[in-house]
Amino acid sequence: MSERTKSAALVFAFSCAGFCAPGCTGDDSPAQVDNEQTRWEALMSDGDPNQIAPGSMGRPGSPPPLSPADRFCPGNDCSGSPLALWTFNDCGATPSTQLEDTAFTSPIAHPAFRAVSVACVPGIDGAAVKLAGDEDIVYSPDQSNFVFDKGLTAAAWIKPDRVSGTQSIARKRFDGTSSFVLGIDAKKLVFALKLTNGKTVGVSAGGLAAGRFTHVAATYDGKDAILYVDGVAVAKARAEGKIAPGAGPIFIGNDANGRVLKGIVDSVWLNTLAAPANVVQELTCIHQPPVVKLTPAVTGPQIAGATVPFDLSITSTNGPSCAASSFQYFTQPFSPLSTDSFFGTLTLAPGETGHATVNIKSSRQSFPGSYVFQVQVAESAIMSTTPVFAEATYVVGTGPIACDGFAPPTPQIIGSSFGIAGPGGLFSYAAPGLAAPAVTPVFDPNTYAFQAIQVSANPGVPTDANSAFLGFGLGFGNPPCVDAGAYNAVQFTITGDLGTCQLSLTLTPSQNNAVNNGPFGVCTNAGGCFGPFSGTFTTGVNVVRFTDMTGGVPLATLDPTALNAIGWNLTAPSDGVTAPCVANFTVSDVAFVTN
């Protein structure tokens with residue numbers, strides 16, 4: 001007989017050993033039947049589903065089948081996406097016998113149910129079901145979109161205790177028989193279909209073994225019935241037609257005639273279209289948690305505010321049949337740490353290791369100590385699985401050194417529009433024995449913007465040149481710690497009479513702000529905290545560069561990235577000759593500028 005003849009004969013002369021009607025012995029010898037049609041009827045026959053799975057049959061008047069447009073598939077091509085997927089990973093998670101359908105490609109869910117006696121055991125990937133008794137079964141009640149007239153894919157991982165006799169892997173009920181059967185018969189994998197034209201299509205192949213996991217799959221596209229073992233097509237029969245429709249459940253691991261697959265079943269994948277060969281191959285992929293690591297595991301002591309680059313390594317441990325996969329990582333720093341590397345993706349083949357740099361920075365307000373952060377890694381294709389974490393420790397040895405500045409939303413401090421300082425931040429001061437200046441906020445009558453500061457100073461006559469100072473200023477509020485690093489100067493306008501008072505500008509960085517002045521000051525210098533200052537200036541428009549400011553304590557020059565306040569310092573004459581300091585003037589249009 002030629003190979004072509006042999007292939008054709010499979011369609012009409014498939015052995016039904018073990019797939020027998022009630023009363024058959026179920027051993028490995030061929031069933032004694034009168035003709036081929038009777039053999040096929042015996043192969044596909046099944047008893048009353050309600051005897052083994054009560055309530056599994058659909059009720060009369062069920063809603064009509066959904067059209068393919070009602071599914072949600074990538075690129076609107078559902079041939080590579082399951083209609084139903086029972087991973088069984090929820091088996092045993094709760095006392096319930098319900099098993100979740102995790103396909104999520106249809107508005108209809110297809111839950112399955114296991115007999116109470118069906119055990120939950122470790123499978124090829126997570127949990128699986130183990131059938132041991134004659135009445136053990138897993139089934140999914142009939143649904144309106146269990147319609148296979150466009151094709152079929154049925155796939156599963158199985159670990160049978162034996163491969164002799166007849167054992168049902170998956171079948172769809174059709175009246176008193178079946179629309180399709182995927183099973184084991186006499187040490188072979190078998191696949192049989194009932195077509196609307198009355199024909200029965202069958203195909204078989206070897207490759208099974210007891211006591212080990214094997215991936216099995218069957219597809220039918222209206223022309224070819226194909227069997228796969230471990231992702232490889234091993235047998236094929238050609239017969240054009242449509243699979244016969246019928247109300248009935250999906251049986252897994254057993255049927256109404258008790259042809260139980262004693263062993264383990266895992267990850268049943270069902271679709272109403274024939275899956276391409278590459279999709280079937282991908283179903284054999286065993287996804288394993290990646291190996292992740294951060295280097296260094298612990299840093300050396302850092303100055304608060306320092307940035308440390310960590311190397312994140314991710315190694316794919318997926319099985320060799322898996323395609324390259326994308327792994328997403330999410331950096332999770334905890335206060336006082338931060339990162340500019342929140343998210344990233346590495347695409348890795350099985351066994352491949354990839355690297356990414358994760359930058360971790362401590363707050364400049366950090367106190368000495370050890371701070372742990374973590375990076376979460378998950379495989380993009382299976383984001384529902386438990387993620388893997390890598391941890392590392394950032395050590396602060398010196399701190400705090402300053403507050404963490406934020407760029408102001410506007411360069412305006414006060415003026416014609418709303419700036420970063422408000423009237424609530426106004427303050428004034430004077431040396432012992434002198435009167436502090438009186439300061440009054442000036443508002444725009446139309447916009448109510450804080451427009452200017454009206455200053456009146458009459459401090460009296462100092463007797464000590466070291467105690468001849470007085471002044472006023474504004475604490476920043478929006479934000480309270482200003483990063484003005486994008487600018488290099490401050491501009492403001494003085495209008496009025498300064499008298500004999502000498503006026504200079506001061507900016508207060510966090511480093512020069514006393515700790516008792518609020519949460520942003522870090523200076524604990526016993527001799528005082530102040531400055532730096534500019535030189536003196538007069539009325540009109542003034543521009544003071546940051547680099548022209550000196551004399552601060554403890555930081556002599558200005559750090560513009562952590563500013564808490566701006567102020568104007570007046571010095572009253574103390575020589576006993578110059579007239580006393582009396583001044584009335586206005587400060588307006590205060591802003592950061594680049595000059």
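In this predicted model, Pro 336 lies in the loop that runs between strand 20 (325–332) and strand 21 (337–339). The peptide bond that joins Ser 335 to Pro 336 is cis, and its omega is about 15 degrees.

A second cis peptide bond in the description concerns Pro 400, whose partner in the bond is Gly 399. Here omega is about 0 degrees. Pro 400 is also placed in a loop, namely the one between strand 25 (388–398) and strand 26 (412–414).

From the peptide bonds, the account passes to backbone phi angles. Lys 187 is not a glycine, yet its phi is positive, at about 70 degrees. This residue belongs to the loop between strand 9 (177–185) and strand 10 (188–194). The relative accessibility of Lys 187 is 52%. Because the class of exposed residues begins over 50%, Lys 187 counts as exposed.

Asp 589 likewise has a positive phi without being a glycine, and the value is about 50 degrees. Its setting is a strand: Asp 589 is located in strand 36, which comprises residues 583–593. With a relative accessibility of 38%, Asp 589 counts as partly exposed. That assignment follows because the partly exposed class lies between the buried limit, under 20%, and the exposed limit, over 50%.

Taken by location, Lys 187 is in a loop, whereas Asp 589 is in a strand; Pro 336 and Pro 400 are each in a loop between two strands.

Notes. Residues numbered from 1 in each chain as written. Predicted model: local features only at pLDDT ≥ 70, side-chain atom pairs only at ≥ 80, totals over all residues. Heavy atoms only, no water. Helix = DSSP H or I, 4+ residues; strand = E, 2+ residues; numbered from the N terminus. Buried < 20%, exposed > 50% of the residue type's maximum accessible area, 1.4 Å probe, protein only.
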